[in-house]
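Please open the model in your viewer and keep the selection tool at hand. The stops below are meant to be followed in order.

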Amino acid sequence: MPPRRIDTGDGRAALAAVAAGDASRPATATAVRYLLQLLVEKAPGNSVEMRVPPFGAVQVIEGPRHTRGTPPNVVETDAATWIAVATGAESWADAAASGRIVASGVRADLSALLPLRP
């Protein structure tokens, strides 16, 4: 069963709440998942796994599909960093340089896909 789709209005409301300082777990979770959903829509595929623990993980970007174990291209970050880079509040390069984004693999640089337009 595919994951439940987050309505645009709900996603934008969660992003607005987080931007206004509401860092509650439900608002943060919805904002993170909504932005991951937008990333999948923008770059569908299975060659890179984007992880934002504990809220979600998606596979994006066309290319070789992995079927077992850890994928060769993985990006992992925390919720606050993901929201910041996905909305353009912070650059991918700055977050990666500070160690808040951990990216491995030749396809793991998602900077060309960001910011997303919620």
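Select Pro115, which is found in the segment after strand 4. The peptide bond that leads from Leu114 to Pro115 is cis, with omega near 0°. Helices and strands are numbered from the N terminus and are DSSP runs, H or I of at least four residues for a helix and E of at least two for a strand. The model is a predicted one, in which local features need pLDDT of at least 70, side-chain atom pairs count only at pLDDT 80 or more, and totals for chains, interfaces and linings use all residues. Residues are numbered from 1 along each chain as its sequence is written, and side-chain values use heavy atoms, with hydrogens and water left out.

Remain in the segment after strand 4 and select Val106. Val106 counts as exposed, because its relative accessibility is 82%; the classes are buried under 20% relative accessible area, exposed over 50% and partly exposed in between, for a 1.4 Å probe and protein chains only. Now add Pro72 to the selection: the two residues are 34 residues apart in sequence, and their C-alpha atoms are 8.4 Å apart in space.

**The sheet**

Next, display the strands. They include an open sheet of 4 strands in the order 2-1-3-4, with mixed pairing; two strands pair if DSSP finds at least two bridges between them. Strand 2 (56–60) and strand 4 (101–104) are the edge strands, each pairing on one side only. On average, neighbouring strands of this sheet are turned by 20° against each other, direction ignored.

Select strand 1 (residues 44–52) together with strand 3 (residues 74–77): they pair in the parallel sense over 3 bridges. Within this pair, Glu49 has Val74 of strand 3 as its bridge partner, and Arg51 has Glu76 of strand 3.

Replace strand 3 by strand 2 in the selection. Strand 1 and strand 2 pair in the antiparallel sense over 6 bridges, and they form a hairpin with 3 residues between them. Val52 stands opposite Gly56 in strand 2. In the loop between strand 1 and strand 2, select Pro54; the peptide bond from Pro53 to Pro54 is cis, with omega near 0°.

Proceed to the loop between strand 2 and strand 3 and select Ile61. Ile61 is not a glycine, although its phi is positive, at about 70°. Its relative accessibility is 19%, so Ile61 counts as buried.

**The helices**

Two packed helices are described by the angle between their axes and the distance between the axes. Select helix 1 (residues 8–19) and helix 2 (residues 25–42), whose axes come within 8 Å and cross at roughly 125°. Axes are lines fitted to C-alpha atoms, for helices over the stretch in contact, and angles run from 0 to 180 degrees between N-to-C directions. Helix 1 and helix 2 are therefore oblique to each other; angles under 35 degrees count as roughly parallel, over 145 as roughly antiparallel, 65 to 115 as roughly perpendicular and the rest as oblique. Among the residues in contact (heavy atoms within 4.5 Å) are Leu15 and Val18 in helix 1, and Ala31 and Tyr34 in helix 2.

Keep helix 2 and add helix 3 (residues 79–87): their axes come within 10 Å and cross at roughly 45°. Helix 2 and helix 3 are therefore oblique to each other. On the helix 2 side, select Thr28, Ala31, Val32, Leu35, Leu36 and Leu39, which meet Ala79, Trp82, Ile83, Ala86 and Thr87 in helix 3.

**Two residues of helix 2**

Which residues does Leu36 contact, leaving aside its neighbours within four places in sequence? They are Met50, Val52, Gly56, Ala57, Val58 and Trp82. At 2% relative accessibility, Leu36 counts as buried. Between Leu36 and Ala57, the C-alpha to C-alpha distance is 7.6 Å, with 21 residues of separation in sequence.

As the last stop, select Gln37, also found in helix 2. Gln37 is buried, with a relative accessible area of 13%. Residues up to four places away in sequence not counted, Gln37 touches Arg4, Arg5 and Ile6.
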